[in-house]
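Please examine the structure shown here with attention to its aromatic side chains and its internal space. The paragraphs that follow take these topics in turn.

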Amino acid sequence: MAATKFLALVAQTIIQHPQMVGDELDEATHERMQQRAEQLSQEMTRLLQELEQRSQEQMLQELEQRSQEQSGLAWGALLFAALQQWQLWAIAGVLVLLCGLCWWLRKRSHEPDSSSEEESSSSDREQEEEEEQEQEEEQEEEESEGEDPDNERDLGRIFAKRIQWPAQNLAYRSRVVEEVVGDLLRVFHEVLSNDVFPVLQTAIRVGSTFEGWSPREDDAVYCLLVPLKPPRGHAFHLELGTTGEMPAKDSCIRVELVCTCMSERLAGEMLCFLHQPEEELRRNQGPSLLGTLCTGSYLDVQKTACWFQNFVRLAWVKVPQSRRYKMKVLPSSRSCKLQLTNASRRTLFIEMMFGVQQGDSDIFLSSQTTEAIFTPSTMWPEDCAVAEAKFFTHMARQAPHDSFHLKCLQLCARILVGTSFSTYTVKTVVMHLLTTIPLSGWRRKHFLLRLEDIMRYLRCCLEEKRLDHFFFGNENVPEEIILPPAFQTAAPLNLFQCLAQDPAAHAKALRELDELQDRLTRLLFYGH
């Protein structure tokens with residue numbers, strides 16, 4: 001801007017004061033021109049100084065601006081680098097969090113809940129105890145046999161070790177099942193003790209799982225029989241059928257009303273169903289058992305099962321195990337089947353059947369499903385499940401601690417899949433042999449011998465078309481098992497009667513027995 005002002009001043013001087021043309025100038029003009037030249041010189045000097053000063057200031061400003069720009073660029077670079085570092089650390093932090101989350105989820109998926117931990121520890125303890133017991137048994141057997149052991153007995157021990165036995169944590173699971181069923185029955189007595197429904201007694205463990213020879217593994221079913229007693233004002237009368245068949249499959253439970261007038265006056269609680277007006281009963285007490293769980297005068301299996309299933313659904317929240325297991329009632333028309341699932345998705349299957357005791361014996365009229373295509377809902381077949389469970393309990397007390405009779409039965413039951421033979425057939429064979437062969441002959445070293453005896457006994461029965469029921473007319477039944485008089489005096493009952501009447505079925509059974517022998521041989525050699 002100073003340079004522009006200087007040029008304008010020079011142009012103005014030239015225009016306003018033009019130089020005179022000529023060789024000579026007057027003195028006054030010369031003096032004025034000299035003064036004007038000095039003024040212009042001073043003005044030019046001042047302008048040059050101002051221009052120089054402004055130029056210096058402008059340079060300083062530019063330098064300062066450049067310095068600020070460079071400083072801004074430096075700070076920007078620094079901030080950008082810091083931003084890059086922050087992003088890097090943020091990404092690293094996110095990766096660390098993701099890794100930690102994956103590790104926690106993996107650990108959570110493999111970490112069992114408290115019930116699973118308890119079950120696993122119980123299973124480990126059982127396995128360790130079983131291994132220690134096996135070692136002790138082998139040592140005892142070697143010491144008892146001396147230096148010249150029987151080769152066949154050695155083979156029995158070897159084959160017994162090769163077999164992959166089902167991994168069952170029976171001790172822990174049985175305890176859980178008994179706790180669940182016991183708590184359900186306790187809730188029943190707390191809530192429905194004064195109602196007009198059958199009175200539930202302590203459940204009895206029955207079936208292959210509780211007896212210790214179930215061929216199934218994780219899906220083993222824990223069966224219990226819940227005895228029923230008549231409620232106050234009622235009586236049960238057992239009608240054992242009209243066909244004369246044993247065990248009776250067409251048995252019924254007739255319900256009869258009983259006078260409670262005397263107890264009514266003493267207790268002051270229940271009205272007599274026989275002698276009180278129906279209107280008063282309907283207003284103050286409700287219907288009798290005949291009006292709820294009976295069809296006509298007979299106790300109805302399906303109504304009883306449905307009533308108990310509904311009760312279990314309502315009572316489950318009051319059971320302590322409900323905090324550890326999710327319960328589902330499975331469809332069943334003649335029993336109550338439960339599926340319990342814990343947090344680790346391990347399942348327990350429980351089946352509760354109902355029964356009415358026949359006198360003071362170990363025989364019950366049970367709600368079990370029969371082999372018939374259709375079973376009327378008022379039919380309660382005779383059932384020997386309690387007597388059978390009692391038999392195996394008795395044998396366990398009498399047999400040596402290393403007895404292998406349950407392992408033999410379990411192994412034979414495993415090879416029956418896909419054949420017409422039932423596990424009850426093999427179970428009956430083993431029960432007969434347990435009462436004829438000394439229990440000292442069922443140890444591990446006799447494993448092969450006893451398997452051979454079982455298969456030979458079964459073949460003989462097939463060839464003769466006769467296998468006697470264990471509890472009918474059998475003098476070898478242990479005395480502690482209480483049977484009705486009709487069972488004791490009855491003629492032996494042939495379980496193979498159908499084969500005697502059907503030649504085609506008999507021929508098929510013989511062919512299947514050969515297949516069973518082959519399966520058993522493969523199982524012994526390959527272990528599975």
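Are phenylalanine 210 and tyrosine 222 buried or exposed? In this predicted model, both phenylalanine 210 and tyrosine 222 are buried.

The aromatic rings offer a suitable point of departure. The count of aromatic pairs comes to 12. One of them joins phenylalanine 210 and tyrosine 222 in an edge-to-face arrangement, with 5.4 Å from centre to centre and 75° between the planes. This pair links distant parts of the chain: phenylalanine 210 belongs to helix α6 (residues 207-211), while tyrosine 222 belongs to strand β3 (residues 221-229), and the two are 12 residues apart.

A further aromatic pair consists of phenylalanine 308 and phenylalanine 354, which is edge-to-face, with 5.3 Å centre to centre and 75° between the planes. Phenylalanine 308 is located in helix α9 (residues 301-315) and phenylalanine 354 in strand β10 (residues 347-357), so this pair ties together parts of the chain that are 46 residues apart in sequence. Phenylalanine 308 and phenylalanine 354 are both buried. They also belong to one aromatic cluster, whose other members are Phe188, Phe197, Trp307 and Phe311.

An aromatic ring may also have a charged side chain over its face. Here arginine 450 lies over the face of tryptophan 442, at 6.0 Å from the ring centre.

Let us turn next to a single residue in a helix. Threonine 425 is found in helix α12 (residues 423-434). Why does threonine 425 count as buried? Its relative accessibility is 10%, and buried means under 20%; threonine 425 therefore counts as buried. Apart from its neighbours within four places in sequence, threonine 425 is in contact with Leu458, Leu467 and Phe496.

The last topic is the empty space inside the structure. Rolling a probe the size of a water molecule over the atoms shows where empty space is left. How many cavities of 30 Å³ or more does a search of the whole structure find? The search finds one, and about 50 Å³ of space lies in the largest cavity. The residues that line the largest cavity are Cys412, Ile415, Leu416, Val426, Val429, Ile454, Met455, Leu458 and Leu516. Two elements, α12 and α13 (447-464), give two or more residues to this lining. Of the elements, α13 gives the most, with three residues. By class, the lining of the largest cavity has nine nonpolar residues, no polar residues and no charged residues. Leu458, one of the residues in this lining, is also in contact with threonine 425.

How values were computed:
Residues numbered from 1 in each chain as written. Predicted model: local features only at pLDDT ≥ 70, side-chain atom pairs only at ≥ 80, totals over all residues. Heavy atoms only, no water. Phe/Tyr/Trp six-rings, centres within 6.5 Å; stacked < 30°, edge-to-face > 60°. Helix = DSSP H or I, 4+ residues; strand = E, 2+ residues; numbered from the N terminus. Buried < 20%, exposed > 50% of the residue type's maximum accessible area, 1.4 Å probe, protein only. Lys NZ or Arg CZ within 6 Å of the ring centre and 35° of its normal. Contact = heavy atoms within 4.5 Å. 1 Å grid on protein atoms, 1.4 Å probe; cavity = no way out; pocket = protein on both sides within 12 Å on 5 of 7 lines; lining within 4 Å. Points joined across faces, edges and corners; volume = space filled by probe spheres on them. Nonpolar A, V, L, I, M, F, W, Y, C, P; charged D, E, K, R; others polar.
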